[in-house]
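Take a moment with the sequence and the fold before reading on. The paragraphs below walk through the model one region at a time.

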Amino acid sequence: MNVLTVEKYQNLDKQSFNELIEKDIPFVIRDADFGYCMTQWSADYLKDRLGETKVTVHQSMQSMLNFIDKNFLYKTLPFNEMIDKCLNDDQHYYYLRSIGSDRRARDVADIRAQFTEISDDVTIPSFMSICQKTDECRSTQDCHQTGHRQLFSSVFRISSKDLVLWTHYDILDNILVQIKGRKRVVLFPPDNCQYLYLESDKSRVIDIDEPEDLLREKFPLFLNVDRYECVLEEGESLFIPSLWFHNTTALEFSIGMNFFWKDKQLIDDNMYNKSDVYGNKDLNPAVDAFANVDKLVKHLDKMPKKFTDFYLRVIINKLQNKLN
Ligand SMILES: O=C(O)CCC(=O)C(=O)O
């Protein structure tokens with residue numbers, strides 16, 4: 001396992017930020033100013049402002065959320081109660097990932113629209129060139145001209161101390177802002193996907209810190225990963241490029257948020273799934289390709305094993321050549 005450090009920067013301007021984004025490698029910004037929230041948000045402040053606002057959270061008896069065993073339930077409760085439970089419930093762990101008000105209407109998470117009492121606390125720093133409702137742009141075309149990034153969603157993330165969120169990828173670039181508490185983030189590059197035992201967008205390797213001998217038994221390929229690590233301190237923000245796998249551990253009670261944006265070329269080329277409210281549905285051509293792989297396997301299975309294996313090898317070789 002190759003362990004690498006995520007670089008940290010400060011005093012970024014538009015140009016240096018864009019240059020770093022272009023590299024498509026995660027990096028941390030030490031001093032990005034997202035407004036009043038950076039200094040004012042605390043458990044008490046949010047309880048006071050958001051009081052009875054209902055939120056739906058993951059609740060689990062185990063700190064490591066496991067999407068295979070489904071070791072969690074969804075609970076809807078008032079915001080102030082959720083915060084108290086995060087801090088004081090020693091039987092359970094809680095995780096809030098805010099969502100849109102109406103998922104059937106394809107409503108995406110928008111922290112400032114869904115939590116209006118705190119909407120003025122959040123401003124996206126201008127060096128990120130993320131298009132805001134207050135900006136003049138009326139269309140993607142306008143954003144092309146202004147060089148704006150297209151904001152897709154903004155998500156509230158609150159978790160109990162020690163909560164671990166499973167390794168997954170998103171198809172959008174995002175900035176994860178850590179406001180209260182420290183958080184460890186481990187990332188794996190997209191070309192490590194063959195080592196991660198994927199099930200859709202998530203890795204079946206739930207405990208990425210298991211001792212090596214156990215990993216060797218259960219997930220031997222996982223030992224080949226390049227593991228990029230950082231601890232996000234309060235006030236730091238992490239750029240997570242699309243398709244980079246990430247796994248987070250709240251080292252303390254944690255308050256944060258993140259901003260996902262869409263790639264303009266992919267919007268223009270109609271690549272995004274229109275019903276995606278989380279930013280984790282694969283691009284349209286990838287979905288078609290997966291369906292064709294299923295068909296391909298069906299065709300191959302019609303033949304005797306000797307022929308199936310032969311043609312499978314020929315096809316794998318053809319695909320492998322495409323990668324090189
Ligand atoms: O830290 C978290 O709560 C998860 C963050 C995450 O998955 C993301 O920013 O895409």
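**A walk through the fold**

Strand β6 is mostly covered, with 4 of its 5 residues buried. This is a predicted model. β6 spans residues 93-97. It has a partner strand on either side. β4 is joined to β6 by 4 bridges, and the two run antiparallel. One pair to look for is Ser60, whose bridge partner in β6 is Tyr93. β7 is joined to β6 by 3 bridges, again antiparallel. Here Arg97 has Arg157 of β7 as its bridge partner.

Now step back to the sheet that holds these strands. It is an open sheet of 9 strands, in the order β2-β3-β14-β9-β16-β7-β6-β4-β5, and its pairing is mixed. Its edges are β2 (8-9) and β5 (72-78), each of which pairs on one side only. A helix lies over part of this sheet. Helix α4, residues 79-88, lies across β4, β5, β6 and β7. Its direction makes an angle of about 130 degrees with β5.

Go next to the β2 edge. β2 and β3 (residues 27-29) run parallel and are joined by 2 bridges. Tyr9 has Ile29 of β3 as its bridge partner. Phe27 also belongs to β3. Is Phe27 buried or exposed? Phe27 is buried, because 20 other C-beta atoms lie within 10 Å, and 20 is the number from which a residue counts as buried. Its C-alpha atom is 6.0 Å from that of Lys8, although the two residues are 19 apart in sequence. Setting aside neighbours within four places in sequence, Phe27 is in contact with Val6, Glu7, Tyr9, Leu20 and Phe239.

Just beyond β2 the chain enters a loop. Asn11 sits there, between β2 and α1 (14-23). Most residues other than glycine have a negative phi. Asn11 is not a glycine, yet its phi is positive, at about 55 degrees. Asn11 counts as exposed because 9 other C-beta atoms lie within 10 Å. Ser200 is another case: its phi is positive, near 60 degrees, and it is not a glycine either. Ser200 lies in the loop between β11 and β12 (202-203). With 11 other C-beta atoms within 10 Å, Ser200 is exposed.

Turn now to β15, residues 245-250. Why is β15 largely enclosed by the rest of the structure? The reason is that 6 of its 6 residues are buried. In a regular strand the side chains alternate between the two faces of the sheet. On β15, Phe245, Asn247 and Thr249 point one way. His246, Thr248 and Ala250 point the other way. Two strands pair with β15. β8 (residues 164-168) is joined to β15 by 3 bridges, and they run antiparallel. His168 has His246 as its bridge partner in β15. β10 is joined to β15 by 6 bridges, also antiparallel. Phe188 has Phe245 as its partner there.

β15 also takes part in the surroundings of the ligand. Which residues surround the ligand? They are Arg157, Leu165, Asp170, Asn174, Leu176, Lys183, Ile240, His246, Thr248 and Asn258. Two elements, β9 (173-180) and β15, give two or more residues to this shell. By kind, the shell divides into 3 nonpolar, 4 polar and 3 charged residues.

The interior comes next. Nonpolar side chains tend to be buried together in soluble globular proteins. In this model the largest nonpolar core has 72 residues. Met82, Leu96, Leu187 and Leu238 have the most contacts inside that core. Look at Leu187. Beyond its neighbours within four places in sequence, Leu187 is in contact with Pro26, Tyr228, Ile240, Trp244, Phe245 and His246.

Finish at the loop between β10 (183-188) and β11 (198-199), where Pro189 lies. Pro189 counts as partly exposed because it has 18 C-beta neighbours inside 10 Å. Residues up to four places away aside, Pro189 touches Asp226 and Trp244. Its C-alpha atom is separated by 8.5 Å from that of Val225, which is 36 residues away along the chain.

Definitions and conventions:
Residues are numbered from 1 along each chain as its sequence is written. This is a predicted model: local features need pLDDT of at least 70, side-chain atom pairs count only at pLDDT 80 or more; totals for chains, interfaces and linings use all residues. Two strands pair if DSSP finds at least two bridges between them. Two residues are in contact if their C-beta atoms, placed from the backbone, lie within 7 Å. Axes are lines fitted to C-alpha atoms, for helices over the stretch in contact, and angles run from 0 to 180 degrees between N-to-C directions. A residue is near a molecule or strand if its C-beta atom, placed from the backbone, lies within 6 Å of it. Ala, Val, Leu, Ile, Met, Phe, Trp, Tyr, Cys and Pro count as nonpolar, Asp, Glu, Lys and Arg as charged, and the others, Gly among them, as polar. A nonpolar core is a set of buried Ala, Val, Leu, Ile, Met, Phe, Trp, Tyr and Cys residues joined through C-beta atoms within 7 Å. A residue is buried if 20 or more other C-beta atoms lie within 10 Å of its own, exposed if 12 or fewer, and partly exposed in between; C-beta atoms are placed from the backbone.
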